[in-house]
Structures are given as structure tokens and as C-alpha cells.
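Let's walk through this model together, starting with the whole chain and ending at a single residue. Please keep the structure open beside you as we go.

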Amino acid sequence: MMLRVDVDIFSGRPNPAWVVSDEDAAGALLEEIAAVADEAVGLSGAGYGGLGYREVVISSMSDDESWPESLPRTFTLGTIGAPDPRRSAELARRIVADMPRYRGFKLPGHAETPLDDTTRDLVLEQMDRFFQDPPEWFRPPLFPSNSLRSTIREDEPIDTGCFYEVSEFNPDFWNRPEVQPYNNCYNYARNYRTDTFAQPGRAHGAQTDVMACPDVTRAALADGLVRRFDCLPDSEYPRRLMALVIWPGVDYHWYREQRGDFWGHKPGSTAARNYDNRGALITDPETCDRGGYTDFCGYFYAGKSVVIN
């Protein structure tokens, strides 16, 4: 028996993830969790869904291993969706504390998110802050969805002669099992499904590990984005308006303007949405509640020729 552990915390970077490959350790851990399942266990995605720390997801690596009847094959700890969030957090914290022990089992995401002491300490710090003042649970507002576009002329604060396209908010395209886990905020904002958890600059050898506005901006420009008001020609139709923010030293996040004067985004592998950390419709990415993503880096156009991976 092997277990996979994913800490759902980031938006742009891959989440910290590891495999408990020792069968005895995996079995003992499952047995301990099963004993308090009624108090501590939640369902994936049923808790907090905003930016920043969300939950710890534990799942089976195969479909034919014996499994406690009290536990689904995928469940969460450290979640406000559990009947007793404090008990759930205690168990999750112990599991996360052992994270560096499992760095010998390599996963693709470890290149961007290594299982080192720095990552572990960051997660533990964010978990502690999260449970000191847990956010209120909210449900997303409902909006109709379709794929029609319309063109916006940039005439404020001055008429620049630039144009870009906005689409109807269409979360159903992104929130499907075969799409949602493999595409992130950069995919959503570019409106381009790669199924690779795209990283700024990676398609052009310009990816950065430095989570700061100048560095992530430089990587995105290498992919072909241009700064707002550097007009793109009609041959670049459809052109998107994107906004970049930074959690200093930790992560980045992107938004895309939608038809109807609001903005959409997709925090990491979670669902696409049009509301911020307070559950409010995002009408301005500069002033919405962004949690720890405190640095606003600016706006960019992404035309048809932009390639991401």
C-alpha cells in the first residue's frame, strides 16, 4: 500500500506532494486516521477554496488495496470541511512535519517545489495562521456560461487605440476532472489548456524560481505577453487582458478579465471562479482580497501567438 499526500496551498507553483511508500508506515497512518474519521476527515474541495493554504489531500495510489471502510479513497485533513477542524488540523500538521523524509521518491513537481525544510516550514506556518482565524465558508455565485467573445476598446484613462477580447465566464470548461487538476492560474488567464500546469517562461527556457514582480514578469514576456497599452494587431485576435500578482518570495497568481466587467481566475488545481478570498465578485484585481499575494505587478495582453507550457 502507498499513499499520496498533496498540500493544497499554491496557485501557480505545483503544490507540495509526496508518496508514503513504506507499507507499514502507510498502513499505520491510515489506521490512525480511520479511528477518528468521524471527527477529522473531510471531502476534497468541500472546505476553503480561496488563495493560500486550503487543505491536505490524502489518496490511494491504487484501486485494489485493502482500505478502511470509514475512509473514502481520497479525503482531506487540515480542512474546515471536517466536523472538528482543530482535530483535523492536528493530524494534518503531524503528517506535513514529516514531509522531508519522503523527498527520495521523486515526483515531477519537485523541480519547482522541493520537499525541503523551507517548504515544510512555510506550510506549517501557513497552516497555523489559517487555523488561528479560520475563514468563513462561502459558496460561489452562479453565472451563466458560454464561449462568446466581444471586443473592448481601451479608451480610459486615454484612448490608446488598443483592443482586446473578453469572453463569457465559462468555468464548466475548466472544472472537469480531466482538466481541473492539470491546469493552473496561468493556463486560465491565458485561456489555454495545456494540461501541464504551465509555468511562465518554461516554454522558452526563461522560467524563474524567484517569486517577485520583475522576475515573473520577465518570464511571462518571454512567452510573448506584452504590457498593457502596447497594442496588439488584429492578427493576434483573440487578445486577453491578464493581471499578475505576487506572494513575495513564495508564489505568483494570474487573473483574466471576463465579459461583464469582472475578473476570473483559477487558484492552482482548484476550480475556476470569479470571486475573491471574501467570496466577493472580483471587479478590480488590484483591490480584491488576495490573501498573501500582496504585490500587484501590472496588466498584460496575451495574443494568439503566445505559447505557454
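How many helices and how many strands are there in the chain? This predicted model has seven helices and eleven strands. Its radius of gyration is 20 Å, close to the 19 Å that the globule rule gives for 309 residues, so the chain is as compact as a globular protein of that length. Measured out along the principal axes would be one way to picture this; computed that way, the C-alpha atoms fill a box of roughly 65 × 40 × 35 Å.

Next, consider how the chain packs. Of the 309 residues, 51% are buried. If you take the contacts between residues at least 6 apart in sequence, 65% of them join residues at least 24 apart.

Now turn to the outside. The chain exposes about 13900 Å², and carbon and sulfur atoms supply 48% of that area. As for charge, the chain carries 32 positive and 48 negative charges, and the mean positions of these two sets are 4 Å apart.

Finally, let's zoom in on Thr 217. You will find Thr 217 in helix 7, which spans residues 213–222. Is Thr 217 buried or exposed? With a relative accessible area of 5%, Thr 217 is buried, because the cut-off for buried is under 20%. Within the helix, the side chain of Thr 217 reaches back to the backbone oxygen of Cys 213 at 2.7 Å. Leaving aside neighbours within four places in sequence, Thr 217 is also in contact with Arg 227, Leu 244, Cys 297 and Phe 300.

Conventions: Residues are numbered from 1 along each chain as its sequence is written. This is a predicted model: local features need pLDDT of at least 70, side-chain atom pairs count only at pLDDT 80 or more; totals for chains, interfaces and linings use all residues. Side-chain values use heavy atoms; hydrogens and water are left out. Helices (H or I, at least four residues) and strands (E, at least two) are DSSP runs, numbered from the N terminus. The radius of gyration is taken over C-alpha atoms; the globule rule is 2.2 Å times the number of residues to the power 0.38. Buried means under 20% relative accessible area, exposed over 50%, partly exposed in between (1.4 Å probe, protein chains only). Contact means heavy atoms within 4.5 Å. Accessible areas come from the Shrake-Rupley method with a 1.4 Å probe; for residues, only the protein chains shown count as cover. Lys and Arg count as positive and Asp and Glu as negative; His and the chain ends are not counted. The place of a charge is taken as NZ of Lys, CZ of Arg, CG of Asp or CD of Glu. A polar contact is a pair of N or O atoms within 3.5 Å; within protein, one must be able to donate a hydrogen and the other to accept it, and residues adjacent in sequence count only if both atoms are side-chain atoms.
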